[in-house]
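I set out to look up the cysteines, one pocket and one helix. My entries follow in that order.

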Amino acid sequence: MRVVISAGGTGGHIYPALAIINKIKEEEPNSKFLYIGTHNRMEKDLIPKLNIPYEGIEVTGLKRKFTLDNIKTITNFLKAKKKCKEIISEFNPDVVIGCGGYVTVPVIQSAKKLGKKTFIHEQNSVVGLSNKILGRYADKIGVSFENTKEDFPKDKVVLTGNPCGEKALLTKEADKTKFGLSNEKKLVLIVMGSLGSSSINDLMSEYIYGFRNKDYQVLYVTGKDNYDKLKTRGFPDNVKVVPFIEDLPSIMKKTDLMVSRAGASTISEIMALGIPTIFIPSPYVTNNHQYKNAMGLVDKNAALIIEENKLSKNSFIRLIDETLDNTTKYNELKKNISALGIKNSSSIIYNILKEMILDDKKFY
């Protein structure tokens, strides 16, 4: 299989793209890939390190309000479309995939113009602007949440789940002692994304001593940007603080209760692994989509939620205590979150791609 794949800007877009690449490699080891991303965001460094051929294009997102910067954005977009056509024509892929981010718009549009099969994937419960635009250009559309199907043409959309969930299932579980934790005590894992959250970090610096003398232990992942503020402080013996965990699902598999932001990739891992979770959605994201992601689970009694502006030390720790202590409530959350997880998302997407390619070749 020859594949052009594009995703940009955030890990929430990039990691599902990588999960799809890995599944295709697993099924068809001789496959060839070309990744098209931005010239200045995280994928430009991450993807080449993984030995995946990479092409960077200069493209930026439109500002929500009118500004002269949008003139440059439109100019760059037209140049990007021309470059994408050249790249795609030369590579001659069987299929072109977009996993979100504004960089995917010129890629998918150009691929469609060239008559290539196209597939896009939406990770969030709220459809991003790029995928709203690309719905008409995609031959097939994968979504992570049932309710998102309503936003796309019925004959194109498929509930696939998020491929990051399947990847999490395949991860080898960690030994708690690696983090200075006991294998005998329950574990509460608190993590606010790879970079962390400065606002939550400030609160945790106050809250963390409230865990003293609890019969469970806490592992707090600050994020790389926030660790320095906390690392010099002392902590209760049952609390461990680290800046980052390279393979987070490995410790998630040993977690009894998770406290997390509500990004799409993290939610897919939580659902696949069946972890009871308290979500603190980021209020700083486009269209408040993390809140809507979380509420999709809360409404099904599969998760709990505390909004950041309603956090207090007492309410936060009390909710953790009550969730762990109430066996009936805890087991219900675990049962419901497990039932929502799509555990073979990458395989579903691979089969869609394969079918698209085979259908295309019938005409030759």
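Is Cys164 buried or exposed, and what is its relative accessible area? I looked this up in the model, which is a predicted one. I found that Cys164 is buried, its relative accessible area being 4%.

Entry on disulfides. I applied the cut-off of 2.5 Å between cysteine sulfur atoms and obtained a count of zero disulfides. I noted that Cys84 takes part in no disulfide, since the nearest cysteine sulfur, that of Cys99, is 15 Å away. Cys84 is also buried, with a relative accessible area of 0%. For Cys164 I again found no disulfide; here the nearest cysteine sulfur, that of Cys99, is 9.1 Å away.

Entry on the second largest pocket. I recorded about 230 Å³ of space in this pocket. Its lining is made up of 13 residues, and those closest to its centre are Ser144, Phe145, Glu146, Lys300 and Leu340. I then asked which element gives the largest share of the lining. That element is helix 11 (residues 289-298), with three residues. By residue class, I listed six nonpolar, four polar and three charged residues in the lining.

Entry on helix 10. I asked how many residues of helix 10 (residues 264-273) are buried. The number is nine of 10, and the helix is mostly covered. Among the buried residues I noted Ala264, Ile267, Glu269, Ile270 and Leu273. Ser265, Ser268, Met271 and Ala272 of helix 10 are buried as well. After helix 10 comes Gly274, for which I noted a positive phi, near 65°.

Technical notes: Residues numbered from 1 in each chain as written. Predicted model: local features only at pLDDT ≥ 70, side-chain atom pairs only at ≥ 80, totals over all residues. Heavy atoms only, no water. Buried < 20%, exposed > 50% of the residue type's maximum accessible area, 1.4 Å probe, protein only. 1 Å grid on protein atoms, 1.4 Å probe; cavity = no way out; pocket = protein on both sides within 12 Å on 5 of 7 lines; lining within 4 Å. Points joined across faces, edges and corners; volume = space filled by probe spheres on them. Helix = DSSP H or I, 4+ residues; strand = E, 2+ residues; numbered from the N terminus. Nonpolar A, V, L, I, M, F, W, Y, C, P; charged D, E, K, R; others polar.
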